Amino acid sequence: MRSEQEIRNNLKELEKTALTEGPFREWEKIAMKATKQALEWVLEDTDKLLTY
């Protein structure tokens, strides 16, 4: 299982990638936003963190 810190680090890396790399195709933007939202939901909605 991933720890909360690992998930937070993944979120930071995803945000950094979105800002520094690109331009992205539409499907890549959608995938990044969906991944970011899923990681945030895991942090907000679960007592026991999920694996991904």
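I began with Glu40 and Lys36 in this predicted model, and I noted that they sit four residues apart in helix α2, so that about one helical turn separates them. I then looked up the contact between their side chains and found that Glu40 forms a salt bridge with Lys36, with 2.8 Å between the closest N and O atoms.

Next I asked which other residue meets Lys36 in a salt bridge. I found that it is Glu15, with an N to O distance of 3.9 Å, which falls within the 4 Å that a salt bridge requires. I wrote down that this pair links distant parts of the chain, since Glu15 belongs to helix α1 (residues 4-20) and Lys36 to helix α2 (residues 26-45), 21 residues apart.

I put the two entries together and noted that salt bridges with shared partners join Glu15, Lys36 and Glu40 into one network.

I also checked whether the members of this network are buried or exposed, and I recorded Glu15 as partly exposed with a relative accessible area of 37%, Lys36 as partly exposed at 27%, and Glu40 as partly exposed at 22%.

I then turned to Arg25, which forms a salt bridge with Glu28, the closest N and O atoms being 3.9 Å apart. For Glu28 I noted a relative accessible area of 22%, so this residue is partly exposed, because buried would mean under 20%.

Last, I looked up how many salt bridges there are by this rule, and I entered a count of four.

Definitions and conventions
Residues are numbered from 1 along each chain as its sequence is written. This is a predicted model: local features need pLDDT of at least 70, side-chain atom pairs count only at pLDDT 80 or more; totals for chains, interfaces and linings use all residues. Side-chain values use heavy atoms; hydrogens and water are left out. Helices (H or I, at least four residues) and strands (E, at least two) are DSSP runs, numbered from the N terminus. Buried means under 20% relative accessible area, exposed over 50%, partly exposed in between (1.4 Å probe, protein chains only).
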